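Reader: I'd like a close look at the salt bridges in this one. Could you walk me through them, and then say a little about a helix as well?

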Amino acid sequence: MNNTISVTGHLCVDYIIAVDEYPPIGQSRQISSREKYFGGGAANIAVGIAKLGGEAELISSVGRDFKESGYGERLKSLGVKTHFFESEKNCSTAFMVNNAKGDQITYFEWGAGEAFARSNPPARDFVHMATGDPEFNIKVAKQAKFASLDPGQDVKYYSAEHLTELFENIDLLMCNNFEIGVMCSTLNCSEDELLEKVDKAIITKGKDGSTLYSDGKITEIPSVSVTAVDPTGAGDAYRAGFFTSLKKGYSEEISCKMGAVVSSFAVEKVGTQTNLPDWETASARYRKIFGDIE
């Protein structure tokens, strides 16, 4: 039995920058701190799965600065399998600037992500498609035995034609409450009408938890309350917990709860991969919040 969970989409280098206040145009402000982190939606999920003891494969694109970034060594040390497309541009890079009020401005360099549009994906049995190129994801979905789609922040690049074709070829839609609103606008339909187009769906809603739509049943999943330091990467951690649990044979509802648990660890520290738990640690918190996972 193939237990590998393949994840397609961005590998990204994140720079989180802190300033007291944003400058007016034409002026500057001092940076109080600048930290580099490993990120990217697909890479975060793959790393989360590996940390939980699952078999993860990352299908992504990397740039000319990948070798010196140290990212390859990190993935190898965690046992994440990789299938990379190469680009002469830089790795996809995010510059997140936070001010003292807690506001955030993000500048994203698509960079090596350009390689998706000219690449053909490998055929895989079980695939989750995270942020990435719509045309590439359509190719992925058509080849997979099980395909899950999460358009993420790239949802604005999906046309009505893209979404229609993907919905015909996926088994699960995962998104947050903002992204489903964008898709409804693109397709000119209501949320209920959109949900009728897919077999199953999970909509995450931050501190308000998530909702599982499966086999005509709607199940509300509460969030796990912790002291949040940085919400970046919470959704990716949720997906890592969900898919790892699902592959272990647990129900969709239990897997959603495990997603909420793993997400709660991610927000406790700055950085999308900084505080991801192993299965034993996540299971201990699961039992404390939801009871016996068995």
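Which residue forms a salt bridge with E114, and how far apart are the closest N and O atoms?

Author: Keep in mind that this is a predicted model. The partner of E114 is R118, and the closest N and O atoms of that salt bridge are 2.9 Å apart. As for how much of each side is open, E114 has a relative accessibility of 25%, so E114 counts as partly exposed. R118 sits at 53%, which puts R118 in the exposed class, because exposed begins over 50%.

That pair is part of a longer list, since a search of the whole structure turns up 11 salt bridges. Another of them joins R29 to E21, again with the closest N and O atoms 2.9 Å apart. Here both partners land in the middle class: R29 is partly exposed with a relative accessible area of 33%, and E21 is partly exposed too, at 43%.

Then there's the bridge between K200 and D215, where the closest N and O atoms are 3.3 Å apart. What makes this one fun is where the two ends sit. K200 belongs to strand β11 (residues 200-204), while D215 is in the loop between β12 (210-214) and β13 (217-221), so the pair ties together parts that are 15 residues apart in sequence. K200 is partly exposed at 21% relative accessibility, just as the cut-off has it, because buried means under 20%. D215, on the other hand, is exposed, with a relative accessible area of 69%. The story doesn't stop with two residues, either: K200, D215 and E252 are linked in a network of salt bridges.

Now for the helix. Take α8, which runs over residues 234-247 and has 14 residues. From first C-alpha to last, α8 reaches 20 Å, close to the 20 Å expected at 1.5 Å a residue. This helix is mostly covered, with 11 of its 14 residues buried. Among the buried ones are the aromatic side chains Y238, F242 and F243, and charged residues are on the list as well, including D236 and R239. Smaller residues are buried too, among them A234, A237, A240 and G241, and T244 and S245 also belong to the buried set. After α8 comes G249, whose phi is positive, near 100°.

Note on methods. Residues numbered from 1 in each chain as written. Predicted model: local features only at pLDDT ≥ 70, side-chain atom pairs only at ≥ 80, totals over all residues. Heavy atoms only, no water. Helix = DSSP H or I, 4+ residues; strand = E, 2+ residues; numbered from the N terminus. Expected span 1.5 Å × (residues − 1). Buried < 20%, exposed > 50% of the residue type's maximum accessible area, 1.4 Å probe, protein only. Salt bridge = Lys/Arg side-chain N within 4 Å of Asp/Glu carboxyl O.
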